[in-house]
Amino acid sequence: MIMYEIERSRLVKRLKAHGTVTDEKVLEAMGQVPRHEFLPSDLRSQAYVDSPLPIGMDQTISAPHMVGIMLEELELRPGHKVLEIGGGSGYHAALMGYMVRPDGIVYTVERLESLGKKAEEVIDHLGYNDVVKIVIADGSAGLAEHAPYDRITVAAAAPGVPKPLEEQLADGGRMLVPVGGRGYQDLMLVTRNGDRLERTSLGGVVFVPLIGEHGHEDHSRM
Ligand code: SAH
């Protein structure tokens, strides 16, 4: 346990020293949330290497630097209502939960039930279940029942910015979504100012595909 803590604090120090992440609240969250707990047991020893890792079902947990960059761009504050699409292991959701406490909430939508169930167990075990709620569904259409959201983050690549997500973004809200085909995408920042939506590209990224109604087709079923 102590070994993981030392490795985690070294990773956070490196992200800070390299200037990858500068926001102190983001660094604090990454220093607190135990990434190794969200990984399959045979990969835990690599939890604090700055690399994406497989979490089963052909899906991956993003590299810590990517998670840090996204958290920084989201500008999360206590009290925010957040929607994540692509809950995966639950790690990113837990970090956001940490940052929006005490009175904020994170809804994370995952389409694969086995991953969602596993994420829920870890979230419960670590005591983030007061701020993180996992929903098993196709999140490409968002989660209308709790909209609008102050922040939306999509952890899978969409062919375009899904319209329902734009509609569910609150006034003054910020959304991150990787847009592009399978392979390489642009990380888009979408901000809403009243009825006006603005899109900015933050650069190239690589995410697994968003599969669903407003995402890509499911090739595994073809
Ligand atoms: N944020 C995650 C990384 C997730 S990888 C973490 O911290 O571990 C992307 C996830 O998006 C995968 O688990 C994949 O199953 C999921 N996904 C893909 N399309 C989806 C959709 N339409 N709705 C919800 N989840 C989706």
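# A Q&A tour of a predicted model

Q: In this predicted model, which residues of H3 are buried?
A: Buried here takes a relative accessible area under 20%. In H3, the residues that count as buried are Pro64, Met66, Val67, Gly68, Met70, Leu71 and Leu74.

Q: Which residue follows H3, and what is its phi?
A: Step off the end of H3 and you land on Glu75, in the loop between H3 and E3. Most residues other than glycine have a negative phi. Glu75 has a positive one, near 50°.

Q: Is Glu75 buried, partly exposed or exposed?
A: Its relative accessible area is 34%. Partly exposed is the range between the 20% and 50% cut-offs, so Glu75 is partly exposed.

Q: Which residue does Glu75 meet in a salt bridge, and where does that partner sit?
A: Side chains of opposite charge can pair when their charged atoms come close. The side chain of Glu75 meets that of Arg174, at 3.7 Å from N to O. The two are 99 residues apart, so the pair links distant parts of the chain. The partner is Arg174, in strand E7 (residues 169-180).

Q: Which residues are linked with Arg174 in a network of salt bridges?
A: Arg174 itself is buried, with a relative accessible area of 13%. The network takes in Arg174 together with Glu73 and Glu75.

Q: How many salt bridges does the structure hold?
A: You've already met the one between Arg174 and Glu75. Another joins Glu198 and Arg196, at 2.6 Å from N to O. Over the structure, the count is nine.

Q: How far apart are the closest N and O atoms of Glu166 and Arg199?
A: Glu166 is in helix H6 (residues 163-167) and Arg199 is in strand E9 (residues 196-205), 33 residues apart. Glu166 counts as buried at 6% relative accessibility, while Arg199 counts as partly exposed at 49%. They form a salt bridge, with the closest N and O atoms at 2.8 Å.

Q: Which strands stand at the edges of the open sheet?
A: The sheet has seven strands with mixed pairing, in the order E5-E4-E3-E6-E7-E8-E9. An edge strand here has a single partner strand, so one of its sides is left without a neighbour in the sheet. Those strands are E5 (132-136) and E9.

Q: How many bridges join E8 to E9?
A: Strands of a sheet pair through backbone hydrogen bonds, either parallel or antiparallel. E8 (residues 185-193) and E9 run antiparallel. One bridge pairs Asn193 with Arg196 in E9. The number joining the two strands is eight.

Q: What angle does the direction of H5 make with that of E5?
A: Helix H5 (residues 113-126) packs on the sheet, where it touches E4 (105-110) and E5. The angle with the direction of E5 is about 165°.

Q: Which element gives the most to the largest nonpolar core?
A: This core has 48 residues, and Val33, Leu71, Leu76, Tyr91, Leu95, Tyr128 and Val132 touch the most other members. Elements giving it two or more residues include helix H1 (2-17), helix H2 (24-32) and helix H4 (91-100). With eight residues, the top giver is H4.

Q: Which residues is Val132 in contact with, leaving aside neighbours within four places in sequence?
A: Val132 belongs to that core of 48 residues. Its contacts beyond those neighbours are Ala93, Ala94, Gly97, Val106, Thr108 and Ile123.

Q: Which side chain does that of Thr108 join in a polar contact, and at what distance?
A: Thr108 has its place in strand E4 and is buried, with a relative accessible area of 2%. Among the residues it touches are Glu84, Gly86, Val132 and Ile134. The polar contact is with the side chain of Glu84, at 2.7 Å.

Q: What is omega for the cis peptide bond from Arg101 to Pro102?
A: Most peptide bonds are trans. Pro102, in the loop between H4 and E4, ends a cis bond that starts at Arg101. Another cis bond joins Ala147 and Pro148, with omega about 5°. For Arg101 to Pro102, omega is near 10°.

Q: Is Asp58 buried or exposed?
A: Asp58 is in the loop between E1 and strand E2 (59-61), and its phi is positive, near 65°. Exposed means over 50%. At 76% relative accessibility, Asp58 counts as exposed.

How values were computed:
Residues are numbered from 1 along each chain as its sequence is written. This is a predicted model: local features need pLDDT of at least 70, side-chain atom pairs count only at pLDDT 80 or more; totals for chains, interfaces and linings use all residues. Side-chain values use heavy atoms; hydrogens and water are left out. A salt bridge is a side-chain nitrogen of Lys or Arg within 4 Å of a carboxyl oxygen of Asp or Glu. Helices (H or I, at least four residues) and strands (E, at least two) are DSSP runs, numbered from the N terminus. Buried means under 20% relative accessible area, exposed over 50%, partly exposed in between (1.4 Å probe, protein chains only). Two strands pair if DSSP finds at least two bridges between them. Contact means heavy atoms within 4.5 Å. Axes are lines fitted to C-alpha atoms, for helices over the stretch in contact, and angles run from 0 to 180 degrees between N-to-C directions. A nonpolar core is a set of buried Ala, Val, Leu, Ile, Met, Phe, Trp, Tyr and Cys residues joined through side-chain atoms within 4.5 Å. A polar contact is a pair of N or O atoms within 3.5 Å; within protein, one must be able to donate a hydrogen and the other to accept it, and residues adjacent in sequence count only if both atoms are side-chain atoms.
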